[in-house]
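Morning, everyone. I have one structure to show, with a few backbone points and then the pockets. Here it is.

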Amino acid sequence: MRPHRPLALCLALVLAAAGCAGDGSTGLIASDGPGALDGELRVRRWSDARAWPTGRVPAAGDTVVIPAGTLMRLDVSPPALAGLDIQGVVEFDRDEDLSLSTGFIRIEGALRIGTLQAPYTKRATITLTGPTTGDAIPGMGTRVIGVFPGGELTIIGETRTAWTRLDATTLPGARTLTTSDDIDWRVGDRIVIAPSGFEPTQAEQRRISAVSGRTITLETGLQHSHYGDVQQIAGRPVDERAEVGLLTRNIRIQGAGTGLVDGVPVSPDGIGGHIMILAGATASVQGVELANMGQRGKLGHYPIHWHLAGAVPQQFIRNSAIWRSNNRCVTVHGTRQLEVRDNVCYDHLGHGYFLEDGAETGNALHHNLGVLSRRPAVADRLLPSDDRPATFWVTNPDNSLIGNAAAGSDAFGFWYALPDIPRGFSAGQPDRPTRTPLLAFTNNVAHSNRQTGLHVDDGPLADGTTTVTSYQPRAVPAQVSAVVPAYFSGFIAYKNSGRGVWLRGRDHYLTGAVLADNHIGATFASAMSYLTSSLVIGRTANAVTSRDLYRGFEFYDGPVGARDVTFAGFGGSGLIPWSALGFNRNGGSGNAFALSTLNGAQNLTFVESNALYIETPVRTKDGDKAAVFQDVTGSVTGTAGRWVTANTPFVTTADCTLRGAWNAQICPGPYLRAVVEGSGTTTPIVPVDIVRDGGASERFVGSGTSTSLVIFAAMPARRYDLTLGQVPTTLTLRLQEARAAEWLLFSVGLPERPVSVLSGSTALPEVATAALVAAGSTMAFAWDAGQQRLHVKVLVTSPSSSTQGSVTVRVRP
């Protein structure tokens, strides 16, 4: 039911049987009024008093209804209206500069400002006014343009150069800058220059006072330096040029404010305007400026928002600017196949380009720029994750992100926050985002973010909080099906205070990347995931703010590795020596989680770089003590097949060589993973003291947060004596990442003879002594009653078998 409109002013353009919604009056057709036909629409001009039943044009405070069957040409700027209800068509006259101020615009017909064939070239401004609370349109609130089923919003302004990059570095105080591309910008236009260092708030907005070719003169000088040179490093171009985005368009939609700052209305309460497009509506937006839009802390009230719109293959927002937003930037919610292209978003609260629930698929986000994504105050965060705002928040990988730039955020540039199933209003949809193939992530850039440039982890839960998330793409996401590797291609990340890239999952490839000037280049908390054909740089000539660096690539979890990668500029030192390679240490506190012994390096090149540094293990962190990787091709150590280990006796022998600059040892290897796990009781098994033959010992306190699981790097054909902190009901001994015929001899102290010793469901043969167990060619065990120790050989005959290399010891009934 349409709401009551006590001030509705009906057009005299409908049949006598029709009437204005909500006010009980009857529409009439003036007998002498003008009215040419445009198809089935009768055309009227807003300025013509004969078009209105009272004989006057709408006055300030009126709510105007444009009934179906009518095309109203807005040819004057009317006084401020209470509201505009469009059931027919409203078109802005092409020959006039126009402004429209109104409390709301409800569209069940069409609002048209220009067309693709004939873009609007004059200046048009829509200002959304009215109270900051209540429901001018039920369910949509106030200061809103609401596009309902069957409604059409077509706003096509001039197509401008949306954004480019600097062509030369600018210094503080400079009033001129040069762009890398031809531009069509004009005197009086406002632009934003992205930051070039680690500080996102060094983005600067300025007004143009003169343009000559690609040279721009600004009204006021710049406060910060902005980098504008392409460097050549290790034979490859390294592009850290600051982006420059155009904020001005000839069509502006804005929320009302109490004053102007930089030409934009200011709303101290954060209540700007907003646009909402519903299912069954159409919206084509191009060449539009949205300023002081979005409503702070209000769910669903964003600058522009496709809300549960379903498939929208012909709809778009292109070549537009959204700035000084109180709540997000572009929101795609329950919507598919939308085109978001060539836009600039500057200075917004919370996540920016926002794909909301996890059911958004097939959308194209191409060549968009986002600058300065701010953290909202606690009371204004729509989601807990807004505490870590991302310029691009993506909840389903089945979307295309190509050529975008995330240039400064209080947290992330690109955040793939993938839920296991869609959340919010999209709950119940069949999507499985954590298992859906990646449609496209190509040639994107992230810099000047306080945390990570590309973050693939931490998907949303039903309550809006996030949890550790493993992205594992499969051909048929809802089924056990073939792996579909995810390729993150051509990514550039620089000057990110945390990492350039963090990936969690499996079967990921970061390929053709350039990672430079980041605190850490890339960390993969993943399996079967690799950095390939990339360039990683410690420090470049871009000296716009600096901080202590760390390393280029970190081994973590696994198997992961770097292949065909060049590392350059890791020759410095800070709290620790900089290095191309290393292990994730969680900010220096150490790593408690198990690491793969199959982590590896292949075909690496080092230019003016320390190849590796491994911190001394933290005694309370088991993962530190298992830090090993294989130098597959010899590009790190000089000898193919060698292993590099932490500098700790437990994983080294007399055959290893200490490399002091690395704080690491080079060893002949090989290594495998040994797993000791207790079950059948809540009693933990830690601490577990392990002594290797030869006398090297180590205490293990649990893998990750577990107290019943210990995982360590071991050398095949060696004996390991275990003393458990507490003895479980059942003890499992497993070998992982071993090759055929590799084995370990475990000697475990137990309080009594075990009830059973099984491999799968088969009982192991018992022999008389530990020596016989070790000498045998098959798995067997011996019980030493005097020492109360179980000696058992665990052997791998087929690495692909799930039961090979595993022994279960039933300690007590």
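I will take the backbone first and the pockets second. One caution before that: this is a predicted model.

Start with the cis peptide bonds. Which residues does the bond with omega of about 0 degrees join? It joins G669 and P670. P670 lies in a loop, with β63 (664–667) on one side and β64 (672–679) on the other.

Now follow the chain past β64. A cis peptide bond links V686 to P687. Here omega is about -5 degrees. P687 sits in the loop that runs between β64 and β65 (688–692). So much for omega.

Next, phi. Look at R328. It is not a glycine, yet its phi is positive, about 65 degrees. Where is R328? In the loop between β30 (321–325) and β31 (330–336). Is R328 buried or exposed? Its relative accessible area is 1%. The cut-off for buried is under 20%, so R328 counts as buried.

D507 is the next stop. Its phi is positive too, at about 60 degrees, and D507 is not a glycine. The residue falls in the loop between β48 (499–506) and β49 (508–511). Relative accessibility for D507 is 9%. That value is under 20%, so D507 is buried.

On to the pockets. What is the volume of the largest pocket? About 440 Å³. Its lining has 24 residues. Nearest the centre are L299, E356, D357, L383 and G424. If you want the chemistry of that lining, it divides into 11 nonpolar, eight polar and five charged residues.

The second largest pocket has a volume of about 250 Å³. It is lined by 15 residues. Those lying nearest its centre are R324, S325, N326, D347 and L349. By class, the lining has five nonpolar, six polar and four charged residues.

Which strands each supply at least two residues of that lining? β24 (264–266), β30 and β33 (344–349) do. We have met β30 already: the loop holding R328 lies between β30 and β31.

To recap the backbone part: cis bonds at G669 and P670 and at V686 and P687, and positive phi at R328 and D507. For the pockets, keep two volumes in mind: about 440 Å³ for the largest and about 250 Å³ for the second largest. That is it from me.

Note on methods: Residues are numbered from 1 along each chain as its sequence is written. This is a predicted model: local features need pLDDT of at least 70, side-chain atom pairs count only at pLDDT 80 or more; totals for chains, interfaces and linings use all residues. Side-chain values use heavy atoms; hydrogens and water are left out. Helices (H or I, at least four residues) and strands (E, at least two) are DSSP runs, numbered from the N terminus. Buried means under 20% relative accessible area, exposed over 50%, partly exposed in between (1.4 Å probe, protein chains only). On a 1 Å grid over the protein atoms alone, a cavity is a set of points where a 1.4 Å probe fits but cannot get out, and a pocket is an open set with protein on both sides within 12 Å along at least five of seven lines; lining residues have an atom within 4 Å of a point. Grid points are joined across faces, edges and corners, and a volume is the space filled by probe spheres set on the points. Ala, Val, Leu, Ile, Met, Phe, Trp, Tyr, Cys and Pro count as nonpolar, Asp, Glu, Lys and Arg as charged, and the others, Gly among them, as polar.
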